[in-house]
Amino acid sequence: MPRSPLMDLAFGFMPAQIIYVAAEMGLADAFTGDEPRSSADLAKETGTHAPSLHRLLRGLTGLGVVEQHGPDLFALTAEGRRLRAGAPDSIRSLIMLFCGPEVWRTWGDMAETLRTGEYAWKRATGRTPFEFFESDAELSATFNRAMAEHTRDVVPGIIAGHDFGRYATVADLGGGDGTLLAAILRAKPGLRGVLFDLPAGLTAAPGTLENVADRAEIVPGDFFESVPEGADAYVLKSVIHDWHDEKAAAILRTCRAAMRPDARLLILEQVMPETLRPESAGIVRNDLNMLVSTGGRERTEAEFRELLDGAGFSVVSLTGPLPPSAYHVVEAKPAG
């Protein structure tokens, strides 16, 4: 009987944890230069048990993170270098967040979520995700870096797919460290920007916006209460999917209250296809992650239109997917 492909999926937790522990212990940063290192040398750098680390390195070899040059000599591959904290294409924080203990526990409790409809994060930690991040400075920093890493990878398609040159001022709501806003301002030298988020999300923003600081204003606040007035475009990237419909509509109504009649709302997110295909696996997994982690969801075009209509908007256009990501730009205007 042929081996079922479901077996590889069932054991998929093993590669995830192999990569996670390598990221968490800073193993890639212990590879100084390009010369192969022994497990004993790396163990000294990472404070680990050398024989056990040797076994992990063999596992990382099978995943293409390191390559073996001798019985106990290993070197990072190009992909492995992306686990370095300071690499320009680093994904270390994304891995530490999504393979870390909190997300790990929420996915492990999916069955209870399916029985009750209640997301698992609060059962696992005793707090909502954003309360939890706010209470833990280290995890908050990891979350902010992870969001910046993700934004860095999707921003080229977003800038190419939407004409931000139409606006004089863009407000990035829930914009974290300002990775998206900084990229938009660099692409459009005449544009001014407002970065808006909770204080914990803005910690690294001054450094990110340093080269465009003369055109960027950093404003702390809570988009459930109010957002800055007077912008021409209000951007919500990877925000609405964090929330169930009632909370998402509350955010949209706050934006509506601050907007001029000619202003635009830009929702930057993936759009769930009405009919799924194998290439839709990524957004479906994102949707399940929202189900267990935040109580939010990924939405179809029809669901976006219904949500926006109920919050006082009408959809102007939907652009995407925008390569290299599967993101769309949902552009809406105040109705009436």
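## Working through a predicted model

C255 has 0% relative accessibility, so it counts as buried. The model you're looking at is predicted, and the exercises below pick up from this cysteine.

**Exercise 1. Classify C99 as buried or exposed, then say how many disulfides the structure holds.**

Solution. Start with the cut-off: a residue is buried when its relative accessible area is under 20%. C99 comes in at 17%, so it counts as buried. C255, at 0%, gets the buried label too. Next, the sulfur pairs. A disulfide is a covalent bond between the sulfur atoms of two cysteines. Searching the whole structure turns up zero disulfides.

**Exercise 2. Decide how the protein's radius of gyration compares with the globule rule.**

Solution. First, take stock of the secondary structure: there are 16 helices and nine strands. The radius of gyration is 22 Å and the globule rule gives 20 Å for 336 residues; those are close, so the protein is as compact as a globular protein of that length. For the overall dimensions, the C-alpha trace spans about 70 × 50 × 35 Å along its principal axes. Now look inside: 47% of the 336 residues count as buried. Finally, check the contacts. Take those between residues at least 6 apart in sequence, and 62% of them join residues at least 24 apart.

**Exercise 3. Describe the protein's exposed surface and find how far apart the mean positions of its positive and negative charges are.**

Solution. The exposed area is about 16500 Å², with 55% of it supplied by carbon and sulfur atoms. For the charges, count 33 positive and 46 negative ones; their mean positions are 2 Å apart.

**Exercise 4. Place S39 in the fold and list its contacts beyond four places in sequence.**

Solution. S39 belongs to helix α4, which covers residues 39-46. Its relative accessibility is 5%, so file it under buried. Now skip the neighbours within four places in sequence. What's left in contact with S39 is A50, L53, H54, L57 and D72.

**Exercise 5. Work out how covered helix α12 is, then step into the loop that follows.**

Solution. Helix α12 spans residues 179-187, and seven of its nine residues are buried, so call it mostly covered. Those buried residues are T179, L180, L181, A182, A183, I184 and L185. As a reminder, an α-helix has 3.6 residues a turn, so residues three or four places apart point the same way. Moving on, P189 sits in the loop between α12 and β4 (192-197). Its relative accessibility is 61%, so this proline counts as exposed. Last step: P189 and V212 are 23 residues apart along the chain, with their C-alpha atoms separated by 8.9 Å.

**Exercise 6. Hunt for backbone oddities: which peptide bonds to P321 and P324 are cis, and what is the phi of S238?**

Solution. Keep the baseline in mind: most residues other than glycine have a negative phi, and most peptide bonds are trans. Check P321, part of strand β8 (residues 313-322). The bond from G320 to P321 is cis, with omega near 0 degrees. Then try P324, in the loop between β8 and β9 (327-334). The bond joining P323 and P324 is cis as well, omega being about 10 degrees. That leaves S238, in the loop between β6 (233-237) and α14 (245-258). Although S238 isn't a glycine, its phi is positive, at about 55 degrees. With a relative accessible area of 14%, S238 is also buried.

Definitions and conventions
Residues numbered from 1 in each chain as written. Predicted model: local features only at pLDDT ≥ 70, side-chain atom pairs only at ≥ 80, totals over all residues. Heavy atoms only, no water. Disulfide = S-S within 2.5 Å. Buried < 20%, exposed > 50% of the residue type's maximum accessible area, 1.4 Å probe, protein only. Helix = DSSP H or I, 4+ residues; strand = E, 2+ residues; numbered from the N terminus. Rg over C-alpha atoms; globule rule 2.2 N^0.38 Å. Contact = heavy atoms within 4.5 Å. Areas by Shrake-Rupley, 256 points an atom, 1.4 Å probe, with all protein chains shown as cover. Lys, Arg positive; Asp, Glu negative; His and termini not counted. Charge placed at Lys NZ, Arg CZ, Asp CG, Glu CD.
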